[in-house]
Amino acid sequence: MRDWEILEELWEVIQDRADHPSTGSYVRSILTHRKGVDKSLEKVGEEAVEFILAAKNQVPERTVSEAADLLFHLLVAFQALGIDPADVLDELAARRK
Ligand SMILES: N=c1c2ncn([C@@H]3O[C@H](COP(=O)(O)OP(=O)(O)OP(=O)(O)O)[C@@H](O)[C@H]3O)c2ncn1[C@@H]1O[C@H](COP(=O)(O)O)[C@@H](O)[C@H]1O
């Protein structure tokens, strides 16, 4: 079983793509898209719907795959919006009862 470090690693890759030109990079293509932030938000919405449909249709493998797409695109949207995932984690920690 993998631990949560993959999310941290992925965040570092996304930041690297934001900071450096990289031909053929999917992340960079979203971050530099002419619609900018809207493109990343559109992808989050799209992947959320695909996740819900897979879950409702009870297709476990597809649901896991769509969940991965959703988490990935959420991180890309954080980058586009200038949100630090650490702030989101702090928010969750602050809600612990
Ligand atoms: N985890 C991912 C990842 N998950 C999904 N995707 C891409 O997200 C897209 C999913 O969009 P869709 O399912 O909507 O497919 P699509 O219709 O072709 O996409 P659009 O044309 O609508 O954008 C696909 O092109 C996938 O390749 C990802 N692309 C990259 N990563 C990670 O990001 C890293 C950096 O990627 P690059 O920026 O491409 O170097 C990679 O090493 C991976 O670790």
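Helices H3 and H4 pack against each other in this predicted model. H3 covers residues 37–56, and H4 covers residues 60–81. Two packed helices are described by the angle between their axes and the distance between the axes. For H3 and H4 the angle is about 160 degrees, and the axes lie 8 Å apart. Because angles over 145 degrees count as roughly antiparallel, H3 is roughly antiparallel to H4. The crossing of H3 and H4 is left-handed.

The contact between H3 and H4 can be followed residue by residue. From H3 come Val37, Ser40, Leu41, Lys43, Val44, Glu47, Ala48, Glu50, Phe51, Ala54 and Ala55. On the H4 side, these meet Arg62, Thr63, Glu66, Ala67, Asp69, Leu70, His73, Leu74, Val76, Ala77, Ala80 and Leu81. By residue class, the contact of H3 with H4 consists of 14 nonpolar, three polar and six charged residues.

Val49 is also a residue of H3. Is Val49 buried or exposed? Val49 has 12 C-beta neighbours inside 10 Å and therefore counts as exposed, since the exposed class takes in residues with 12 or fewer. Val49 and Val27 are 22 residues apart along the chain, and their C-alpha atoms are separated by 20 Å.

Val27 leads to the ligand, as Val27 is one of the residues around it. The others in this shell are Leu10, Val13, Arg17, Ser25, Tyr26, Arg28, Glu46, Asp69 and Phe72. Three elements give two or more residues to the shell: helix H1 (5–19), helix H2 (26–31) and helix H4 (60–81). Asp69 of H4 appears both in the contact with H3 and around the ligand. In composition, the shell holds five nonpolar residues, one polar residue and four charged residues.

The helices described so far belong to a chain whose secondary structure comes to five helices and zero strands. From the N terminus on, the order of elements is accordingly written α-α-α-α-α. The C-alpha trace spans about 40 × 35 × 25 Å along its principal axes. Of the 97 residues in the chain, 16% are buried, where buried stands for 20 or more other C-beta atoms within 10 Å of the residue's own. Contacts that reach along the sequence can be split by separation: among those between residues at least 6 apart, 49% join residues at least 24 apart.

Technical notes
Residues numbered from 1 in each chain as written. Predicted model: local features only at pLDDT ≥ 70, side-chain atom pairs only at ≥ 80, totals over all residues. Near = placed C-beta within 6 Å. Helix = DSSP H or I, 4+ residues; strand = E, 2+ residues; numbered from the N terminus. Nonpolar A, V, L, I, M, F, W, Y, C, P; charged D, E, K, R; others polar. Axes fitted to C-alpha atoms, helices over the stretch in contact; angles between N-to-C directions. Parallel < 35°, antiparallel > 145°, perpendicular 65-115°, else oblique. Left-handed = near helix turned anticlockwise from the far one by under 90°. Contact = placed C-beta atoms within 7 Å.
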